Structure formats: structure tokens, C-alpha cells
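Trainee: Could you take me through one part of this model slowly? I would like to see how a single piece fits in with its surroundings.

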Amino acid sequence: MQSLVHRRAPGRGMSRVVQELRQHGVDPDQIAEVKESLQATELDRAREVWERRYGTPPADANARAKQTRFLMSRGFSYDVIKRVLAGAGAAFDDE
């Protein structure tokens, strides 16, 4: 289980990792523990994924929608995505 989490967590959101753990038949109690630790770092992981893929703020609504869809497909929550895109182009350390 830890191997799967270690491999998948850096580029995936909490919901995607939890889904994969369920597919592998991991105990719900263990999933709950992993979920807590992933939730604490989800914003930072989403920022890193966004930086690697895009690195520049969306220029228009279409670009914003594209970036949102990309992050959602990786399993990040909409709240986290909103925060990443709101801080796009600004210093992330301000939060």
C-alpha cells in the first residue's frame, strides 16, 4: 500500500489515490489514514503539477477551463484547483 501511495501521490490528487487504493482492496481504516496525510499536502502537490504542465496563468476562459479539467483529471478537488489558478502567476508563498 505505501509503495502505491509513494508512487502515485506526487502527481495525483487525494481522490485519485484513494480510488486506486480502493481498487486494490486496501482496508478502509488504512485508506482513512492515508487520506488525512494526502489532504494536508494536496495544495502543494497541485501547484507542482500545474507548474510542470503549464507554469503560466490562463490567458482566457478557455485556457482556464483546460487547466481546470487537467487538474481535475489528476484527482485534485475543485477547491484546491481554484486556489492554484487564483495564485497562478503570483507568488504562492503569500498564502
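Mentor: Let's start from A63, a residue of helix α4. Please keep in mind that we are looking at a predicted model. A63 counts as partly exposed because its relative accessible area is 22%, while buried means under 20%. Between A63 and W50, which sit 13 residues apart along the chain, the C-alpha to C-alpha separation is 13 Å.

Now the helix as a whole. α4 covers residues 61-73, and at 1.5 Å a residue these 13 residues should span 18 Å; the C-alpha atoms at its ends are 18 Å apart, so expectation and model agree. At its N-terminal end, α4 is capped by D60, with a side-chain oxygen 3.3 Å from the backbone nitrogen of N62. After the helix comes G75, which has a positive phi, near 95°.

Which residues of α4 are buried? They are Q67, T68, F70 and L71. Looking down the axis of α4, you would find these buried residues within an arc of 160°, so they line one face of the helix. The general background is helpful here: an α-helix has 3.6 residues a turn, so residues three or four places apart point the same way. On the other side of α4 you will find A61, N62 and R69, which are exposed.

What does the buried face pack against? The buried residues of α4 pack against α3 (28-53) and α5 (78-86). From the side of α5, the buried residues are V80, I81, V84 and L85. Those four cover an arc of only 130° around the axis, which puts them on the same side of α5. The buried residues of α5 in turn pack against α3 and α4.

These helices come together in the largest nonpolar core, which has 12 residues in all, including W50, F70, L71, F76, V80 and A88. α3, α4 and α5 are the elements that give two or more residues to this core. Apart from it lies another core, of 11 residues, with A9, V18, I31 and V34 among them. As a general point, nonpolar side chains tend to be buried together in soluble globular proteins.

One core member is worth a look of its own: F76. Leaving aside residues up to four places away in sequence, F76 touches G11, R12, G13, E42, R45, A46, V49, L71 and I81. Of these contacts, A46, V49, L71 and I81 are also listed, with F76, in the largest nonpolar core.

How values were computed:
Residues numbered from 1 in each chain as written. Predicted model: local features only at pLDDT ≥ 70, side-chain atom pairs only at ≥ 80, totals over all residues. Heavy atoms only, no water. Expected span 1.5 Å × (residues − 1). Buried < 20%, exposed > 50% of the residue type's maximum accessible area, 1.4 Å probe, protein only. Arc of directions from axis to C-beta. Contact = heavy atoms within 4.5 Å. Polar contact = N/O pair within 3.5 Å; in protein donor to acceptor, adjacent residues only side chain to side chain. Core = buried A, V, L, I, M, F, W, Y, C linked by side-chain atoms within 4.5 Å.
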